[in-house]
Amino acid sequence: MFSAVRELSSRGPVNASQRIACEQLTSFAVRWLADLSNGQRVIPYIEEAARAAVCDRSPSDPARHPKIGLVGPQAGFGLAHLNRDVAVHLGIDRWLVVGPRSPASDTSCRTDVVSHQAGTVELETWLEGLDVVLFAERPFFPDLTGAARRAGALVACVPMLEWLHPGMEWLGEVDLMICPTRHAARVLADWKQRYGFAWAVECVPWPIDVDRFRFRQRRSCGRFVYVHGSGGARGERGDGSHINRKGLSVLVEAARRVPEIPVLVYAPLRDVPSPPQNVSVCRPPKNNAQLFDEGDVCVQPSHWEGLGLPLLECQAAGLPLITTDAAPMNEHRPLAVIPCTSEAVQLGPDLFTSAAVIDPVDLADVLRSVHRQNIASHSSAARHFVESEHAWKTAAPEILRFVGTSRKPVG
């Protein structure tokens, strides 16, 4: 497989999707070649799945809430925000917090903070008595998934596709992929078949705490709002230039072309050194629920997303969404989409993702087409969409059901 992919790649230029597929196949082959070269017996995933089916796990009791251990950061944007919602709404038993504790945390579960690389003994002690270990994006500790399986706990992952490649060793120790987007579910179902992973793949359109975002009916589009957060990861293009996930630079360039349209940007001032006069740059409020108190339509020209929480949170507050016409961004029922093409960008060793290529002229045209339009019905529809498809009150029972049905009873 390794040789065939290298030969294919050497024949000439490939498009973004072909390049990413080649890199994924290569990383998968390298993983298995490394195992063989170390003299280890490579156990096929299907054999591992059969072994796991009879491992010493407690039978699932539908009447009992599973004891869930959450692993991941608590402070910051994005992933930390997702974890805080999980801790509040999923009734977890304990949280192994990676990095600093959030001063704004309102969770009532047991919280254990680690700022170092926890060893096997520490992890085994923390795992004692758990039914499920849950993490988003990655396990954070090299032996977490192995220790969880030895302890008889189900290993559940909320995957962020841009940080995965099929050669990662810990992927073979995951029992359940709880995919936050339909795009992630399609990709990982393909990986399951293509590479022989034994995990269950379930899709839960990821929920937000709808009640935290005060709905206000927007009637006319006077000003656009953009949320930068931390800016997301930076990718390297084939020519060596760089691109940031959230698309701030393309938004600023588009705004220069429509000086009559006001845009409010929540971002660090250093990230927009010379904004045009129609772009107001503000530091984000400490409470992210206040991000959408101002403005009428949210514009998020993301080049790629693992999930994209602001794309949902803005709609809960009544702001219709404009975003990129690429998955998973266009899953979130936007008012309008920004045309794009795609390219492959590298996020790190063996990590490639498909990034949208957006022409600022096209984005400017979309802003112009929505500005000053009547958006009252779209404002109401945005709130209804999030309440009906992305609320914790419906998602939490689904997640718990998937956790329960994925557990493997003894025998």
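Student: Are Glu305 and Lys246 buried or exposed?

Tutor: Good place to start, and keep in mind that this is a predicted model. Glu305 and Lys246 form a salt bridge, with their closest N and O atoms 3.1 Å apart. As for their surroundings, both Glu305 and Lys246 are buried.

Student: How many residues apart are Glu305 and Lys246 in the chain?

Tutor: Let's place each partner of this salt bridge, whose closest N and O atoms are 3.1 Å apart. Glu305 sits in the loop between β13 (297-300) and α9 (309-316), while Lys246 sits in the loop between β10 (242-244) and α8 (248-256). The pair therefore links distant parts of the chain, as a loop-to-loop connection. Their separation is 59 residues.

Student: How many salt bridges does the structure hold?

Tutor: Side chains of opposite charge can pair when their charged atoms come close. Some of these pairs join up here: Glu124, Asp143 and Arg150 are linked in a network of salt bridges. For the structure, the total is 18.

Student: Which residue meets Arg110 in a salt bridge, and how exposed are the two?

Tutor: Arg110 has a relative accessible area of 41%, so Arg110 is partly exposed. Its partner has a relative accessibility of 23% and also counts as partly exposed. The N to O distance between the two side chains is 2.8 Å, and the partner is Asp112.

Student: Glu137 and Arg138 meet in a salt bridge too, so which of them is buried?

Tutor: The side chains of Glu137 and Arg138 come to 3.2 Å, N to O. Arg138 has a relative accessibility of 39%, so Arg138 counts as partly exposed. Buried means under 20%, and a relative accessible area of 13% meets that cut-off. The buried residue is Glu137.

Student: How many disulfides are there?

Tutor: Let's take one cysteine as an example. The cysteine sulfur nearest to that of Cys179 belongs to Cys203 and is 6.4 Å away. A disulfide needs the two sulfur atoms within 2.5 Å, so Cys179 is in no disulfide. For the structure, the number of disulfides is zero.

Student: What is the relative accessibility of Cys179?

Tutor: The cut-off for buried is under 20%. Cys179 counts as buried because its value falls under that cut-off. That value is 0%.

Student: Which strands are at the edges of the six-stranded open sheet?

Tutor: Follow the order of the strands, which is β12-β11-β8-β13-β14-β15, with parallel pairing. From one strand to the next, the twist averages 25°. An edge strand pairs on one side only, and the two that do so are β12 (279-282) and β15 (336-338).

Student: Which residue is the bridge partner of Gln300 in β14?

Tutor: β13 and β14 (residues 321-324) pair in the parallel sense over three bridges. In β14, the bridge partner of Gln300 is Thr323.

Student: Which strands does α9 touch as it packs on the sheet?

Tutor: Another helix helps set the scene: α8 lies across β8 (224-227), β11 (263-266), β12 and β13, running at about 160° to β11. α9 also packs on the sheet, and its direction makes about 165° with that of β14. The strands touched by α9 are β8, β13 and β14.

Student: Why is α9 largely enclosed by the rest of the structure?

Tutor: Its buried residues include Leu309, Leu312 and Cys314. The elements that cover the buried residues of α9 include α4 (79-89), β8, β13, β14 and α11 (376-389). α9 is largely enclosed because its buried residues number eight of the eight.

Student: Where does His371 lie, and which residues does His371 touch?

Tutor: His371 lies in the loop between α10 (360-370) and α11. Its relative accessibility is 10%, so His371 counts as buried. Leaving out residues up to four places away in sequence, His371 touches Cys221, Gly222, Phe224, Glu260, Ile261 and Pro262.

Student: What share of the residues in the protein is buried?

Tutor: The protein has 12 helices and 17 strands. It exposes about 18200 Å², of which carbon and sulfur atoms supply 51%. Among its 411 residues, the buried share is 52%.

Definitions and conventions. Residues numbered from 1 in each chain as written. Predicted model: local features only at pLDDT ≥ 70, side-chain atom pairs only at ≥ 80, totals over all residues. Heavy atoms only, no water. Salt bridge = Lys/Arg side-chain N within 4 Å of Asp/Glu carboxyl O. Buried < 20%, exposed > 50% of the residue type's maximum accessible area, 1.4 Å probe, protein only. Helix = DSSP H or I, 4+ residues; strand = E, 2+ residues; numbered from the N terminus. Pairing = 2+ DSSP bridges. Axes fitted to C-alpha atoms, helices over the stretch in contact; angles between N-to-C directions. Contact = heavy atoms within 4.5 Å. Areas by Shrake-Rupley, 256 points an atom, 1.4 Å probe, with all protein chains shown as cover.
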